[in-house]
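Dear colleague,

I am handing over the structure below, followed by an account of what was found in it. Please read the text alongside the coordinates.

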Amino acid sequence: MSCIFINNSMKKSSPILLLSAALILLLFSFLLNVSLGSVTISPGDILSGIFTGDWTKASREQIILNYRFPKALVAILAGIGLSISGLQMQTFFRNPLAGPFVLGISSGAGLGVAILMLAGSAFGLATFGGAINPWAIAIAGTLGASLVLLTVSLAAWKVKDSMTLLIVGLMFGSAVSAIISVLSYFSGAEALKLFTIWSMGSLGGLVWDQVWVLGLVITIGIIPVIASVKSYNGMLLGESYAKSMGINPDRLRWLMILSTGLLAGSITAFCGPIAFIGIAVPHLARMVWKTSDHRILFPATALIGASLLLLCDAVGQLPGSAQTLPINAVTSLVGAPIVISLVLRKNFSKEF
Amino acid sequence: MGKASIIGTNLTIGYTKGKVQKEILTGLDFELLEGEMCCLLGPNGVGKSTLVKAILGQLKPFKGEVLLRGKSINTYSNEMLAKELSVVLTEPFLPGNMTVGQLVAMGRIPHTSWTGKLEDTDREVIQNALSATKIEYLRDERLSEISDGQRQKALIARALAQDGKVMVLDEPTAHLDLVNRYEIMHLLREISKSQGKSILVVTHDLEIALETADRFWLLNCGMPLISGLPEDLVITGQINQLLPGENFRFSVEKGRIESKIGSLKFDVSGPGEYTAWVSKALEKAGIKELPEPIEVSKDPFLVNYAGKEFLSLEEFILAL
């Protein structure tokens, strides 16, 4: 939110300056996120603990290093991945409502997890007894997302038109959601609750190994984006113009499917679906930086996405309680009003 | 004249639907010379866009080939083609928060490295493109805040910054007002002359095209493409190919299209430039013939008919 004020006060500020401001915002959000929780640990304590190794209490070291740090890192990774996927989709499909999940990725991951959690009870087979290994969930999500993405890619190979691809992706998403509904209908209450909680998303609960895996996948997923920055700029005028400027939209489409598949797919597999960030953050970045140049927009969306998800997670930490609100609900509850107010204040459709 | 930058020989093009090849244009021969502005004219649905697609290399011809600077256009890679040929399309989609300068800079995409960073030479070309289209003053304006005519000029500047030998424009003057249409077409003519570019303009503005084009390509259903100097086509009457029905024809003396039924005879005498307008007004009022001769005088304008004088044509027609 502070970006808006920055934007108003520095009308002619350079994009680099704004990027630095966003970086500071990210650091601030990180510290805030890490210090809030069931016990509040002041940022000063955290910093001195990290740099000198002197913690005021041994339990605090545990909380910070093994619980809050991984969670904050996951928030940063997820924020970066989701918002960059969203920006790619919005530019490629030239549609302001496109997001990372339009190609059915989250429904696919959902299907994988639903089969893992629900199918057992739905078909009356032996259940996992309520405690499912987090790796199993991540693998099921990855498999499901890959399956749907593969099917959509086959369609993409067949259809030449990007609008058709968008519709095919949405239809696949709906069909897969329908299968999940059927599974939910026939499954037991315990399994259903487990799945419902997964579908609300969660940034916590990952061990360091998983954080490293997620970090690695996200890094790989960003490589195609960096390689095609110029092509995304060329796509701004539409596919025909892009072709006339020597850009190959078919190649870009494959790179985009690969990149969003890795980014959004891995995030959904590890954290569950996280709504809103992927659609809204690219718009926020476009409004603040007032540009359509992807060389600026990609780092900008990454910074804003990471900060916003950290802040949302901080909001979700109910003060004085070990309970946290599900991240998927918080992103929409906190984020939607911000975007609505921005959209109403500015001439939104003209800026897209 | 200069060398031909685009040559089409015995070109047959169309679309493949399933296993059926639907031919839209057959046996086309044409040449586009360097430093020449050429207008492609023809009724809607005759296949102008299809021909343009073939010239842009987006459509593989069934027979014959399009040569760009001596090489078949289908052998060019996307990147190489982009350095030779640039376009202005009818697609209305433009991101509103892009500035004119940024739009024009996009023309350098085929020339820059993978990051798209602009070098000094790129900046120079962009500057030249802006000054050739006379929109330097718009450089920092956003696309959502300029007029349609200015936007069209910015798109032309973008195509110019792409720095190819050939520019193809699909109806660049559609939706523009009269002054802007003249400005854009004269601008294109200037560019073709000063920068030695081949410019192909698809247009429906016959009168402005007559003013500005070096060459016409006329397309009509079931006919071969007619190519020639606009003036030749007017004199030989081939320009009437554009008007297939019985109702209209191109008037050689007036330089515009008129209704054939309008060949009514009124006996109008007076200054030459006025008599035509008097006949026109009478024709529109549905008057077929007048028994007496009409006399028109200049300074002040007076219509003299059957011994009465009228100050305006409106008065005159009301009195009839």
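The domain bounds used here come from an automatic or database domain assignment. For chain B of this predicted model, that assignment gives domain 1, covering residues 4-251, and domain 2, covering residues 264-319. The centres of domain 1 of chain B and domain 2 of chain B, taken over C-alpha atoms, are separated by 44 Å.

Turning to the interface, 24 residues of chain B are in contact with 25 residues of chain A. On the side of chain B that touches chain A, at least two residues each are supplied by α2 (78-84), β6 (85-88) and α3 (100-106) of chain B, and α2(B) gives the most, with four residues. By character, the residues on this side of chain B divide into 13 nonpolar, nine polar and two charged.

There is also a sheet in chain B to look at, an open one of four strands with mixed pairing, in the order β13-β14-β15-β16. Because β13 (268-269) and β16 (308-310) of chain B stand at the edges with a single partner strand each, one side of each is left without a neighbour in the sheet. The pairing of β15 (residues 302-305) of chain B with β16(B) is antiparallel and runs over three bridges; B:V303 has B:F310, in β16(B), as its bridge partner. Helix α9 (residues 272-284) of chain B packs on this sheet, where it touches β13 and β14 (294-297) of chain B, and the direction of α9 makes about 130° with that of β14(B).

With best regards

Technical notes
Residues numbered from 1 in each chain as written. Chains lettered and ligands numbered in written order. Predicted model: local features only at pLDDT ≥ 70, side-chain atom pairs only at ≥ 80, totals over all residues. Contact = placed C-beta atoms within 7 Å. Nonpolar A, V, L, I, M, F, W, Y, C, P; charged D, E, K, R; others polar. Pairing = 2+ DSSP bridges. Axes fitted to C-alpha atoms, helices over the stretch in contact; angles between N-to-C directions.
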